[in-house]
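Biologist: I have the model open and would like to learn how to read its features. Could you take me through a few of them?

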Amino acid sequence: MSSLPILIAGGGIGGLAAALALAQKGRRVHVLERAAEFGEIGYGIQMGPNVSRMLDRLGLLKSLEPHAVFPDALILADALDNRELTRITLGDSFLQRYQYRYFVIHRRDLHGGILEACRQREEITLEASRGVAGFEERGNAVVARCENGAEYEGAALIGADGLWSPTRAAIVGDGVPRVSGHVTYRGVVPTEEIIDRGQLNSMTIWVGPDLHLVQYRLRGGAVMNNVATVSSRRFRRGEKEFGGPDELDEVFSRTDPRVRDRLRYISRDRNWVLHDREPATNWTRGRATLLGDAAHPTLQYLAQGACMAIEDGVVLAEKIAAAGEDCNRAFLAYQRERMNRTARVVLSSRFFGAYFHVDAGTRELRNELARGRDPENPWEIDWLYRGIEVDGRL
Ligand SMILES: Cc1cc2nc3c(=O)[nH]c(=O)nc-3n(C[C@H](O)[C@H](O)[C@H](O)COP(=O)(O)OP(=O)(O)OC[C@H]3O[C@@H](n4cnc5c(N)ncnc54)[C@H](O)[C@@H]3O)c2cc1C
């Protein structure tokens, strides 16, 4: 086995999960992170049972559980009249079906938990303030070149450097990500500030024309995570400036007052213009490959971007362990296994975005379809939540 470490560009959720998975297979890993510190932004994230399974495999599930909240149900409600349309119950039958639970967690707690586990492993070294600018193959090694001129030699390079990945630019070269025109605002407030407490134990999504709003509790229920998204009409009209707080208010002005009032929990200081990419048919070159948002950035409508990044890391480690020194073979096997599933997430997420945001004319049809669902049978996402086989076992 090469004495060189595997280099990972990017110490986000995906990069660190891959580092941990590789270390557990006995590989040395060096993680190069562009930011001055390893960390995450302070909002919530949803974790499907498919990723609970992966976190269990990585030995992380037990230590994350005290930070997690396990809602009773995923509720879909109409933002125009505040009525529930359907739900996925997350009780015994859900657990029986998937063996693992759905949970929500503060991103800092998730990232911090993976980071702590990485710090415990002697196979893993972590270096901040090291943005990877490019790479080249030299003999049996790959050399990552950093923005500050430093060079690192590795047995392979994994680009886990997110949406704007320079590693992707070098491997795939498909330009900048696609702007969806969807703009998200977020806010976390103490739960005691929440006025309408009807759905406290659920993850609720209110959907309406060009908008949706998500609410769920974090940190043992102490704080409420709030996410409001608009699909910008100004963007569709080709205007350069779009998705500002004025457009947020304008789009939500048609919603039920109890829904609109929830915007009080949203911070207007910052927003996220959402991007994705067309699914790629290759993301590997020689001794380098991609993972997570660098490989298959997705809109958030299935809440699976980070889940896919973690699954990627576990599969990648499995393929590297199986292929020994032949990193290229491992990477090709890895992408073969991951490509369809992640492409399906990207494309289905776009569909769910459109389904949530239908206009008033199509609303009744959407609502009728939603009301006809069986709350005990989440068929739309069954393929996703059932999870993946790794090392020959589910
Ligand atoms: C509003 C919103 C809600 C979401 N909700 C969910 C959810 O509920 N569930 C879910 O699973 N997913 C969700 N996602 C998606 C999820 O956030 C991403 O898919 C996930 O964070 C991707 O992880 P990553 O490690 O691939 O990339 P990132 O998290 O982007 O991490 C990349 C890391 O690489 C570093 N970096 C960047 N460039 C370089 C470089 N050149 N060299 C070295 N380091 C570099 C960055 O600093 C960062 O630390 C959501 C996304 C959004 C926008």
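Biologist: Where is alanine 144 found, and is it buried or exposed?

Modeller: Alanine 144 is in strand 9, residues 141–146; strands (E, at least two residues) and helices (H or I, at least four) are DSSP runs, numbered from the N terminus. Buried means under 20% relative accessible area, exposed over 50%, and partly exposed in between, with a 1.4 Å probe and protein chains only. Alanine 144 has 1% relative accessibility, so it counts as buried. This is a predicted model, where local features need pLDDT of at least 70 and side-chain atom pairs count only at pLDDT 80 or more, while totals for chains, interfaces and linings use all residues. Residues are numbered from 1 along each chain as its sequence is written, and side-chain values use heavy atoms, with hydrogens and water left out.

Biologist: Which residues does alanine 144 touch?

Modeller: Contact means heavy atoms within 4.5 Å. Not counting residues up to four places away in sequence, alanine 144 touches Leu7, Leu32, Val132, Gly134, Phe135, Ala150, Glu151, Tyr152 and Leu157. Its C-alpha atom is separated by 8.6 Å from that of alanine 9, although the two are 135 residues apart along the chain.

Biologist: And how should I read a nonpolar core?

Modeller: In soluble globular proteins, nonpolar side chains tend to be buried together. A nonpolar core is a set of buried Ala, Val, Leu, Ile, Met, Phe, Trp, Tyr and Cys residues joined through side-chain atoms within 4.5 Å. Here the largest one has 69 residues, and Ile8, Met47 and Leu55 touch the most other members. Apart from it lies another core, of 34 residues, among them Phe94, Tyr102, Val223 and Tyr385.

Biologist: Which residues come nearest to the ligand?

Modeller: A residue is near a molecule if one of its heavy atoms lies within 4 Å of it. There are 32 residues around the ligand, and Gly14, Glu33, Gln46, Val132 and Asp293 come nearest. Helix 1 (13–24), strand 3 (44–47), strand 12 (178–190) and helix 10 (305–323) each supply at least two residues of this shell.

Biologist: Which backbone atoms lie by an oxygen atom of the ligand, and how much of the ligand is covered?

Modeller: A backbone N or O atom of glutamine 46 lies 2.8 Å from a ligand oxygen atom, and for cysteine 307 the corresponding distance is 3.0 Å. The protein covers 85% of the 1,000 Å² of accessible area that the ligand has on its own; such areas come from the Shrake-Rupley method with a 1.4 Å probe, and for residues only the protein chains shown count as cover.

Biologist: What joins histidine 182 and tyrosine 301?

Modeller: A polar contact is a pair of N or O atoms within 3.5 Å; within protein, one must be able to donate a hydrogen and the other to accept it, and residues adjacent in sequence count only if both atoms are side-chain atoms. The side chains of histidine 182 and tyrosine 301 are joined by one of 2.5 Å. Histidine 182 belongs to strand 12 and, at 12% relative accessibility, counts as buried.

Biologist: What is the phi of aspartate 210, and where does this residue lie?

Modeller: Aspartate 210 has a positive phi of about 60 degrees although it is not a glycine. This aspartate lies in the loop between strand 13 (202–208) and strand 14 (211–218), and its 9% relative accessibility makes it buried. Aspartate 391, also not a glycine, has a positive phi of about 50 degrees; it lies in the segment after helix 13 (382–385) and is partly exposed, at 42%.
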